[in-house]
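Here are my comments on the model you sent round, set out as numbered points so that each can be checked against the coordinates.

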Amino acid sequence: RAEVYAGASRTASARRATGLLPCIPALVGPRHPAYGLTVLLILVTMVSMKSPRKPVRHAPTKYKVGQEIVYPLQGVGHVNAIEEKPFRDKKLLYYIIYLEVSDMTVMVPVGKADELGIRAIVGKKESQKALRLIAEEFEPIPADWKLRYQMNLDLLKKGSILDIANVVRALYHRSRIKELPILERKLYDSALKLLIDEISFSLDKSKDDVEELVFAKLKVNAK
């Protein structure tokens, strides 16, 4: 019994020396084979309980809160927030993006943004280049609307403003020759909306003014 109390006294002294308060009584004496292991387990447990978890630090994000971006096939979006969300056994950063054209808010993993083709709004120089492109003469496109649809869909997936302008120009002139099938008409409307929205943000003009400008350019080579 004296041996047990002596062990408890020594254990308490060891705890005070390391700045740790005792949390459980010693159950074995210093000569007991399990004494060293018991003390070690107590100290490790107490240190782990006192050590705060370090917050996960993420690399700076490519896009900032409040920035407008282009999400291919979805439209121009506004980054409302950048938040950490649980995913399986870890946490990931997400862009919280509001898409005006569909009135939806979507969550996009920051690490997947480039893979999905998300990009920043182009500068004025690129917008002017797109406006010049839709005023140029256009090459004939396939008469088979299914083939034509797939070609234009692939261009929209690429997502550059020049690809979008190409789709708008091709389908605008095709629609003047023959009415577009429903799916192709929807594709044209989406491309036109996206082009107008992006140029509006890029040139800091109203959407009505940009729409008028776009159609004026398209009519230059209209037949």
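The points below go from the overall fold to the sheet and then to the chain as a whole.

1. Please keep in mind throughout that this is a predicted model, so that the remarks below describe computed features of that model.

2. The protein chain contains seven helices and five strands, and, read along the sequence, these elements follow the pattern α-α-β-β-β-β-β-α-α-α-α-α.

3. How are the five strands ordered in the sheet? They form an open sheet in the order 4-3-2-1-5, with antiparallel pairing; the edges are strand 4 (104–109) and strand 5 (119–120), each of which pairs on one side only.

4. Helix 6, which spans residues 182–203, packs on this sheet and touches strand 1 (68–71), strand 2 and strand 5. The direction of helix 6 makes about 90 degrees with that of strand 2.

5. Within the sheet, strand 2 (residues 75–87) and strand 3 (residues 90–99) pair in the antiparallel sense over ten bridges. For anyone wishing to check the register by eye, Lys85 stands opposite Leu92 in strand 3.

6. Turning to the chain as a whole, 35% of the 223 residues of the protein chain count as buried, while the accessible surface comes to about 14,400 Å², with 56% of that area belonging to carbon and sulfur atoms.

7. What share of the contacts between residues at least 6 apart in sequence joins residues at least 24 apart? In the protein chain this share is 56%.

Key. Residues numbered from 1 in each chain as written. Predicted model: local features only at pLDDT ≥ 70, side-chain atom pairs only at ≥ 80, totals over all residues. Heavy atoms only, no water. Pairing = 2+ DSSP bridges. Helix = DSSP H or I, 4+ residues; strand = E, 2+ residues; numbered from the N terminus. Contact = heavy atoms within 4.5 Å. Axes fitted to C-alpha atoms, helices over the stretch in contact; angles between N-to-C directions. Buried < 20%, exposed > 50% of the residue type's maximum accessible area, 1.4 Å probe, protein only. Areas by Shrake-Rupley, 256 points an atom, 1.4 Å probe, with all protein chains shown as cover.
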